[in-house]
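Colleague: Could we go through the interior and the loops of this structure together? I should like each answer to be reasoned out.

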Amino acid sequence: MAVALDINDTARAPAKAGLEAISALVEQDMRAVNALIVERMHSPVALIPQLAGHIVAAGGKRLRPMLTLASAQLCGYEGQRHLALATCVEFIHTATLLHDDVVDESDLRRGLATANALFGNKASVLVGDFLFSRAFQLMVADGSLEVLRILSDASAIIAEGEVHQLLTSNDTTTTEEAYLEVISSKTAALFAAACRIGAVVAERPETDAEALDRFGRSLGIAFQLVDDVLDFSARQAELGKSVGDDFREGKITLPVVLAFARGNEEERTFWRRCLEDLEQRAGDLEQAIALMTKHNALEESMERARNYGRDACEALDGFADSPIKSALLEAVEFSIDRAY
């Protein structure tokens with residue numbers, strides 16, 4: 001299914017779709033960032049680089065640091081500060097993944113064993129703390145109080161989002177507003193910070209920093225909405241991830257919120273048993289997907305994602321057309337199209 005984001009065709013990258021265009025344009029910088037990641041993960045305590053290296057090597061698209069590099073390029077920055085700051089962004093993200101997997105008691109991430117499954121919960125939490133500390137060392141070394149404020153604020157907001165999710169987990173009375181607050185904190189805050197610092201290092205006006213913040217925030221929300229839809233999609237298996245992980249953990253995501261709100265009492269009893277009591281039986285996941293389909297919950301969640309995607313694209317209207325702007329718009333489209 002095509003996703004219409006109203007992106008001006010003249011601003012579109014003509015040759016490469018998805019993340020290929022942005023990857024190509026920041027390739028040289030990304031190599032430097034990857035080298036910094038390896039360098040800064042080093043520790044004489046052997047378990048630290050071993051465990052950190054496991055989750056870093058497990059993949060991911062490095063979207064967040066790429067956004068920092070691309071935003072700096074969009075703003076015409078020609079220095080080197082963005083390299084360490086992109087590394088910082090990736091360390092914050094990786095630390096949150098390590099902590100998330102412990103909290104969620106997850107055994108798999110992207111089809112591979114999680115660090116906590118291999119090394120234990122204690123080691124995963126402590127190495128996550130190490131990566132947060134490395135991130136703050138990189139922020140301090142940059143020397144900008146504004147950068148330190150942006151990234152430290154984002155780190156605090158992410159932690160608040162984690163706690164908020166803990167409070168809403170397994171609670172079928174969670175509202176759409178509460179769900180959006182969680183993903184705005186857990187996911188969108190780091191996307192927004194990653195983009196904003198591109199304008200800061202380039203010393204661009206606050207209006208540009210605000211535009212990039214809006215771009216990253218809306219992209220982050222759209223990205224998480226699509227992730228939550230994918231958990232109930234066969235497409236998830238094609239992407240190397242397990243279908244129904246959120247369901248099995250009792251996570252309350254937007255498709256659940258919509259299906260529960262529109263269901264009859266019998267259906268709500270089903271959701272409470274599966275998500276609050278975690279009493280799940282064979283066929284329950286299929287039943288959950290059927291109820292979401294019945295109440296149009298998956299498609300409406302995707303429509304919310306498209307709306308945020310459009311907002312992200314509109315946030316870049318003030319920037320001149322360029323290959324990097326085209327690539328950022330393509331990244332938005334990719335983030336939504338990966339559901340199909």
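The exchange below concerns a predicted model.

Colleague: Which helix gives the largest share of the largest nonpolar core?

Modeller: The largest nonpolar core has 106 residues. Those with the most contacts inside this core are Ile92, Leu151, Phe215, Phe247 and Trp271. The largest share, 13 residues, comes from the helix spanning residues 176–201, namely α9.

Colleague: Which residues does leucine 151 touch, leaving aside those up to four places away in sequence?

Modeller: Leucine 151 is one of the residues with the most contacts inside the largest nonpolar core. Beyond four places away in sequence, its contacts are Leu85, Cys88, Val89, Ile92, Met139, Ala193 and Ile197.

Colleague: Is glutamine 224 buried or exposed?

Modeller: Glutamine 224 is found in helix α10, residues 206–230. Residues up to four places away in sequence aside, glutamine 224 touches Tyr179, Ile183 and Thr187. Its relative accessibility is 17%, and the cut-off for this class is under 20%. Glutamine 224 therefore counts as buried.

Colleague: What is the phi of asparagine 170?

Modeller: Most residues other than glycine have a negative phi. Asparagine 170 lies in the loop between α8 (145–168) and α9, and is partly exposed, with a relative accessible area of 24%. Although asparagine 170 is not a glycine, its phi is positive, at about 65°.

Colleague: What is the relative accessible area of glutamate 203?

Modeller: Glutamate 203 is found in the loop between α9 and α10. Glutamate 203 is not a glycine, yet has a positive phi of about 55°. The exposed class requires over 50%; glutamate 203 is exposed because its relative accessible area is 71%.

Terms used. Residues numbered from 1 in each chain as written. Predicted model: local features only at pLDDT ≥ 70, side-chain atom pairs only at ≥ 80, totals over all residues. Heavy atoms only, no water. Core = buried A, V, L, I, M, F, W, Y, C linked by side-chain atoms within 4.5 Å. Buried < 20%, exposed > 50% of the residue type's maximum accessible area, 1.4 Å probe, protein only. Helix = DSSP H or I, 4+ residues; strand = E, 2+ residues; numbered from the N terminus. Contact = heavy atoms within 4.5 Å.
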